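Student: I have a model open and would like to work through its sheet, its rings and its backbone. Can we take it step by step?
Tutor: Yes. Ask short questions, and I will reason to each answer.

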Protein chains: 2
Amino acid sequence: MTAPATSAARLVQLLGRRESGVPAYRWLADGLRRVIADGRVPAGHALPSERRLSEALDASRTTVTRAYALLVETGFLVARHGSGHVVTLPLGRERLGVGGALLPGTGDAEDVLDLTCAAGRAPAGTAEAYAAALDALPSYLAGTGYATAGLPELRELIAARYAERGLPTAPDQVMIVGGGLAGVGLAVRALSRPGDRVLVESPSYPNSIDATRRSGARLVPLPVDPTGWDLDLAAATIAAATPVVAQFILDFHNPTGALMPDADRERLAAALRRAGTVAVVDETMLEVRLDEGPVPLPFAAHLSRCVLVGSASKSHWGGLRIGWLRVPRPLLPQLAQARIADDLGAPVLEQLALVQLLRRGHGLHPERRDELRAARATMVAALRDALPGARWVTPAGGLFLWVELPEPRANQLAAAARNEDLLVSPGPQFAVSHGLQRYVRLPYKDPPEVVAEAMRRLGRAWRAQASLPSGPVASRPRPVVA
Amino acid sequence: MTAPATSAARLVQLLGRRESGVPAYRWLADGLRRVIADGRVPAGHALPSERRLSEALDASRTTVTRAYALLVETGFLVARHGSGHVVTLPLGRERLGVGGALLPGTGDAEDVLDLTCAAGRAPAGTAEAYAAALDALPSYLAGTGYATAGLPELRELIAARYAERGLPTAPDQVMIVGGGLAGVGLAVRALSRPGDRVLVESPSYPNSIDATRRSGARLVPLPVDPTGWDLDLAAATIAAATPVVAQFILDFHNPTGALMPDADRERLAAALRRAGTVAVVDETMLEVRLDEGPVPLPFAAHLSRCVLVGSASKSHWGGLRIGWLRVPRPLLPQLAQARIADDLGAPVLEQLALVQLLRRGHGLHPERRDELRAARATMVAALRDALPGARWVTPAGGLFLWVELPEPRANQLAAAARNEDLLVSPGPQFAVSHGLQRYVRLPYKDPPEVVAEAMRRLGRAWRAQASLPSGPVASRPRPVVA
């Protein structure tokens, strides 16, 4: 098969102005590496021939030859018969072997498509943000580097974003932590003791549920439907259990994608206020807004005893491990004490890089948003064929569809998908205790062509699962990462 | 007072080869910034005059003038009457306002000396390691960035170091986490449940004790003397309490500085083995070895059910927030499951920077070791005057002296020190429950001249505390950071 090609003219445009002061081949190699890493030249695409590119760039043939050789050496290109030089970053797959490296027995073959991690590659500009952060680093090297609450400039940027969203916030109410999951765990541990009742949504993000369970809390599950929350049920559950803490994901809920409207937030806040419950609200998906529509107020604008948890992993990049808490003043001492038992602060350079990224914008990169919309459309279109009779509510944001299968066979589907080199997360993984066998979470975080291939494999798996027996399946699904 | 001066010849040597392709003033400014941040030109020192430096560099006067102006602008230099340009990075003080930013009411004036954080500035070469890491970053940007177990090359380097120390280790037994404290917390939470008995040394590092207490464990304290461990007492305590987990700092204990010899490790391991206890051993201070002497085997070579916790914060820099666990194979699944409830992995760039640093060496930077030795000697010499009648055992490694006062007045001393613009950590902060009023921990992590000034303030504080009443003091000491 001939690889799709990127034209020389397009490359010249992507590479931008020729930099002076560095050798031409070095400039070209660095630029190519950047646009490949960005995904602007996708893996599997062929680069123009050396002759074509040297003409288009008005550079010597040797320059292009040396640059291509450097990229072959560093693993960004392979020379392929009939296609010239082809970009080799693996499509839709980690370079880090995430789950595979962590848990034995789940290592991937090269061509496995992994839908257990709802996160994508870094958007354009990420490498530049790190480079700018590096420029700012020297003045911090003279200190111990322990920034237990976070860098002041980062806390200011984050506080300003809350104010913009209608929630006045002072920088000292913002605490920088090592990602959204770490933030939820910290807040729950700081605000509850082992044995306390903590309300958790079901389904919800499994690692958050697990963190809360490990804190020794007694979990009180609150069912969440694909269409959203049942406010009467929520109010009744909260009144009956009077939990110390309640965890929510209100802005593009994980995994249902539901967005709680302001009127419901008001009712939920009233129920929590009556019960004396502190809310811990995970806003990790907040900035992954794909469609126009109403933008509800942050939950802390409805309920003062509310800790908001933010993260840059979904809006920017998962490799940047920074999250933050927005804490109401009366709870600050409690959170600060717990913070220092967790770790001694987030890395300085990561924080400086996030300062750079947030200065350019808190929201999703427009290119990334367009790609996610396209991928979502591809998935929706393909699902009708792949899973006949399945139902879902297409969410206005977030990274996945929560799909209701025609039969409660999610574990069987996941087991059959593995045979098709496709990893998916069945519903029971998102349940607080059991059930949800009728659901599967399908992230559309990959480029549309990868999503299309994943849906073809899913279709084959669905047909194959019919022959598997009901009840527990032999192979345990891979843990959900994000 | 005239500032001490750095000669033009020394600067020329530090700056190294002139880089081509960047303007000369820019190269000079970057180089100066680097050697200032490194501490190779310390704060308070004057730079040579513009004329002298331009001659020594064989550069134009304008070049030097522009470079100096740039450094004044960015806060690295001040023009001081009679001394020319003086380096202004604050001596012995954070740029990050660590505790001050985290906990209200502990903000620092400019000239406060902070001995509550036993950590120093970054050694020479740190900025370069980050720069090299940045070069390696692009190939990771195409992935999600979640490296839950850690980058393979980093885990290999760390595994090789254990092998070098006499403990064969495979890379998959190494788990990368966000620093030593995070590692201890993770291990204790993974290996115990709320209500379980966990043995902790007393005194010990307060944030570790706090993390364990917050996990819901019942703490079993094991007294540690300034001279080390009482092995009979340890064996009896372990046999009586049969704790599920036991936490130790055996290599330059925090705060006593004691180093447990191999024979004692063997006895301790036997006692733990009989009780079925898993050891969690914090080796954060391991590489801060200042004197020659016996190098005991890692505790996991004596006891197989032992998790070792390592960190780069003390050997390299605290702003690099990377630690790791070395886990025996049978405990790996348990630790991996707990890991993913904590956070989704350490930041990619930090890991790449540590790869660079470890390739150059796992141990303390030789310049840093020399400085710590000098600072320790200064402290030991000054302490006789500052605290007449005080006693201590000078440790062969680590970052502090654990000083026994002639009277149990540590809290009073800390309160009086605050009036002298000196922050110190009194003994009771390191106790599991109470006591240790006779001790104070004094880090020698600052340059000798700063240590000397701190000891003068401590002497004044000791004389002043005599007039304070016994019993609880009004002002709570600042929390210990590291």
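**Sheet, rings and backbone**

Student: What kind of model is this?
Tutor: Treat every value here as computed. Local features need pLDDT of at least 70, and side-chain atom pairs count only at pLDDT 80 or more. The model is predicted.

Student: What is the strand order of the open sheet of eight strands in chain A?
Tutor: The sheet is open and its pairing is mixed. Its edge strands are S4 (174–177) and S7 (228–229) of chain A, each pairing on one side only. The order in chain A is S4-S11-S10-S9-S8-S5-S6-S7.

Student: In which sense do S5(A) and strand S8 of chain A pair, parallel or antiparallel?
Tutor: Strand S8 of chain A covers residues 245–248, and two bridges join it to S5(A). Within this pairing, A:Val198 stands opposite A:Val245. The sense is parallel.

Student: Which residue in S6(A) stands opposite A:Val200?
Tutor: S5(A) spans residues 197–202. Six bridges join S5(A) to S6 (residues 218–225) of chain A, and the two run parallel. The residue opposite A:Val200 is A:Pro221.

Student: What is the handedness of the β-α-β crossover from S5(A) to S6(A)?
Tutor: The chain leaves S5(A) and passes through helix H10 (residues 206–214) of chain A. It then enters S6(A). The crossover is right-handed.

Student: How many of the six residues of S5(A) are buried?
Tutor: The strand is mostly covered. One residue in S5 of chain A is A:Ser202, which counts as buried because its relative accessibility is 15%, under the 20% cut-off. The number of buried residues in S5(A) is five.

Student: Which residues of S6(A) does A:Ser202 contact, going by the range 218–225?
Tutor: Set aside neighbours within four places in sequence. The contacts of A:Ser202 then include A:Phe430, A:Ala431, A:Val432 and A:Leu436. Those in the range 218–225 are A:Pro221, A:Leu222, A:Pro223 and A:Val224.

Student: What angle does helix H13 of chain A make with S4(A)?
Tutor: S4(A) pairs with strand S11 (residues 323–326) of chain A in the antiparallel sense, over four bridges. There A:Val177 stands opposite A:Gly323. Helix H13 (residues 332–342) of chain A packs on the sheet and touches S4 and S11 of chain A. The angle between the directions of H13 and S4(A) is about 20°.

Student: Now the rings. Why is the pair of A:Trp402 and A:Tyr439 called stacked?
Tutor: The structure holds four aromatic pairs over all chains. In this pair the ring centres are 5.0 Å apart. Planes under 30 degrees apart count as stacked. The pair is stacked because its planes stand at 0°.

Student: How many residues apart in sequence are the parts that this pair ties together?
Tutor: A:Trp402 lies in strand S12 (residues 400–404) of chain A. A:Tyr439 lies in strand S15 (residues 439–443) of chain A. Both residues are buried. The separation is 37 residues.

Student: Which residue joins A:Trp402 and A:Tyr439 in one aromatic cluster?
Tutor: The cluster has three members, named as A:Trp402, A:Tyr439 and one other. That other residue also contacts A:Ser202. It is A:Phe430.

Student: What are the relative accessible areas of B:Trp402 and B:Tyr439?
Tutor: In chain B these two form a stacked pair, 5.0 Å centre to centre with 0° between the planes. Both are buried. The areas are 3% for B:Trp402 and 13% for B:Tyr439.

Student: How far is the charged end of B:Arg66 from the ring centre of B:Tyr25?
Tutor: The charged end sits over the ring. In chain A, A:Arg441 lies over the face of A:Phe400, at 4.6 Å from the ring centre. For B:Arg66 and B:Tyr25 the distance is 3.8 Å.

Student: On to the backbone. What is omega for the peptide bond from B:Ser202 to B:Pro203?
Tutor: B:Pro203 is in the loop between strand S5 (197–202) and helix H10 (206–214) of chain B. The bond is cis. Omega is near 5°.

Student: What is phi of A:Asp421?
Tutor: A:Asp421 is in the loop between helix H16 (410–419) and strand S13 (422–423) of chain A. The residue is partly exposed, with a relative accessible area of 27%. Phi is positive in this residue other than glycine, and its value is near 60°.

Note on methods
Residues numbered from 1 in each chain as written. Chains lettered and ligands numbered in written order. Heavy atoms only, no water. Buried < 20%, exposed > 50% of the residue type's maximum accessible area, 1.4 Å probe, protein only. Pairing = 2+ DSSP bridges. Right-handed = clockwise from strand over helix to strand, strands pointing away. Contact = heavy atoms within 4.5 Å. Axes fitted to C-alpha atoms, helices over the stretch in contact; angles between N-to-C directions. Phe/Tyr/Trp six-rings, centres within 6.5 Å; stacked < 30°, edge-to-face > 60°. Lys NZ or Arg CZ within 6 Å of the ring centre and 35° of its normal.
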